[in-house]
Structure formats: C-alpha cells, structure tokens
Amino acid sequence: IVGITPYCFPKEISTEKSFAILLNCLSGINNTSLFLFKNMFINFLLYKIVMKYRLLSEREKQSSWKKISHFFTIIDNEFVPPLSSRGDTVKSAIKKNDTAEVIVAETNGKFVGIVIFWSYYYKVRSSYFHWLIVEPKFRSKGIGKELTKKAISRLHKKRIKTIKLVTYNTKKVALKIYKSAGFKIYYTRKNIKGPGIDKVYLVLK
C-alpha cells in the first residue's frame with residue numbers, strides 16, 4: 001500500500017476523490033491482506049456517511065428517555081462506586097431539568113453516543129457538561145470528540161460565556177477529549193474516591 005500510494009494520489013485533490021482513487025488502485029489486487037484492507041476501508045467510509053449528530057427537541061428528549069437511560073447502564077461499572085449504587089438522583093435530575101439539552105450520535109436509528117449539558121445564568125451565562133458517553137464498540141472513532149465539538153458550538157450560539165465540567169483523572173480518554181477542545185484544569189481534589197483517584201474540575205471560557 002505504501003509503495004503504490006505516491007502513484008495513486010495527484011497533489012491537491014479532495015479527500016473524497018482520494019478515497020475513490022485509493023479504492024480504484026486496490027480493486028485489481030488479489031492479495032488477501034489488501035482485500036481485507038479494502039473491505040475495512042469501505043466499512044469505514046460507510047460508517048462516516050451514516051453517522052449523524054443532532055440535538056434532541058424537548059419532545060424527543062422525553063420520548064427517548066429509555067434510549068438515553070441505556071447509556072447509564074453501559075458506564076455503570078466505569079465509576080467508583082458504580083452509578084447504580086447512588087440511586088436514581090442523577091438521572092431524575094436530568095430528566096426533570098428543563099434546561100438540560102441532549103445531542104446524540106446516531107446511526108441506523110440507534111443512539112451510539114450522547115452528550116448531556118445544562119445551561120444556567122448566575123452573573124454570567126454558563127453551562128455545565130454532565131455526561132459524555134459512547135457505546136463501547138463505537139469508541140476510538142472520534143465520536144466523543146465530535147459530540148463535544150457540537151455541544152460547544154451549540155452553547156456558543158446561545159452566547160454562553162463559561163462551560164464547566166467535572167471528571168476523574170482515571171478517565172484519561174475523556175480528559176484528552178476535553179483538553180483538545182480547549183478545557184483547562186482549574187482545580188483537583190486528590191484521592192476523592194480512593195488512593196490515586198482524583199476529581200478534576202475543568203473550564204472553557
């Protein structure tokens with residue numbers, strides 16, 4: 001693949017045309033490994049095409065609550081202690097909070113990722129990111145990063161001045177996503193959930 005790439009791609013062409021040229025270059029090759037690569041590449045393109053990101057309306061948010069609740073089951077044991085041991089207070093608060101907004105990543109009618117955030121007004125327009133969750137088999141595909149970007153864009157359109165969130169130092173992927181989006185750590189509570197498990201407070205202004 002490396003050997004044929006320079007001959008396949010002219011300079012300064014679009015990404016879409018590059019994909020088409022690459023597939024054309026691979027189409028006549030019978031080598032098993034290249035055949036598998038071609039199929040993986042086609043699946044990647046299809047995944048990119050069908051993935052949609054959208055803000056749920058208030059009506060959709062209420063009618064889709066079972067779908068949204070499913071995500072809390074997915075991440076239950078990723079927290080210390082598990083979310084299920086904390087009762088239903090967090091989910092109830094989100095469900096009842098009129099300012100809560102939900103952006104979903106959706107493919108073939110199924111929610112595979114969500115970001116939930118609130119807006120509030122205290123001296124300045126502010127927002128709080130509460131949940132960013134992606135189905136395990138859809139992780140490492142940039143969905144969490146894209147959901148974060150969509151949420152920030154939504155809040156900027158609403159002229160939100162400050163966006164805050166709280167996570168843990170053990171959530172390394174989430175921290176990487178937040179930092180790449182421009183969030184800065186402004187406070188850390190050490191060993192809050194046990195030795196080496198710190199609560200991290202971040203802000204984007």
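# Reading helix H8 and the salt bridges

Modeller: In helix H8, which spans residues 172-180, the buried residues are Ala174, Leu175, Ile177 and Tyr178. These residues lie on the same side of H8, because they cover an arc of only 160° around the axis, the arc being that of the directions from the helix axis to the C-beta atoms. This is a predicted model, in which local features need pLDDT of at least 70 and side-chain atom pairs count only at pLDDT 80 or more, while totals for chains, interfaces and linings use all residues. Residues are numbered from 1 along each chain as its sequence is written, and side-chain values use heavy atoms, with hydrogens and water left out.

Biologist: How should I read the words "buried" and "exposed", and which residues of H8 are exposed on the other side?

Modeller: Buried means under 20% relative accessible area, exposed means over 50%, and partly exposed lies in between, with a 1.4 Å probe and protein chains only. On the other side of H8, the exposed residues are Lys172, Val173 and Lys176. Helices (H or I, at least four residues) and strands (E, at least two) are DSSP runs, numbered from the N terminus.

Biologist: What covers the buried residues of H8?

Modeller: Contact means heavy atoms within 4.5 Å. The cover includes helix H7 (143-157), together with strands E4 (124-134), E5 (162-168) and E7 (199-204). After H8 comes Gly182, which has a positive phi, near 110°.

Biologist: What is a salt bridge, and how many are there by this rule?

Modeller: Side chains of opposite charge can pair when their charged atoms come close. The rule asks for a side-chain nitrogen of Lys or Arg within 4 Å of a carboxyl oxygen of Asp or Glu, and by it the count comes to eleven salt bridges. One of them joins Arg154 to Glu101, with the closest N and O atoms 2.6 Å apart. This pair links distant parts of the chain, since Arg154 is in helix H7 and Glu101 is in strand E2 (residues 101-107), 53 residues apart. Arg154 is partly exposed at 30% relative accessibility, whereas Glu101 is buried at 11%.

Biologist: Which salt bridge joins two residues of helix H7 that are about one helical turn apart?

Modeller: The side chains of Lys150 and Glu146 meet in a salt bridge, 3.7 Å from N to O. These two residues are separated by about one helical turn because they are four residues apart in helix H7.

Biologist: Which residues are linked in a network of salt bridges?

Modeller: The network links Arg54, Glu60 and Glu106. Within it, Glu60 and Arg54 form a salt bridge whose closest N and O atoms are 2.6 Å apart.
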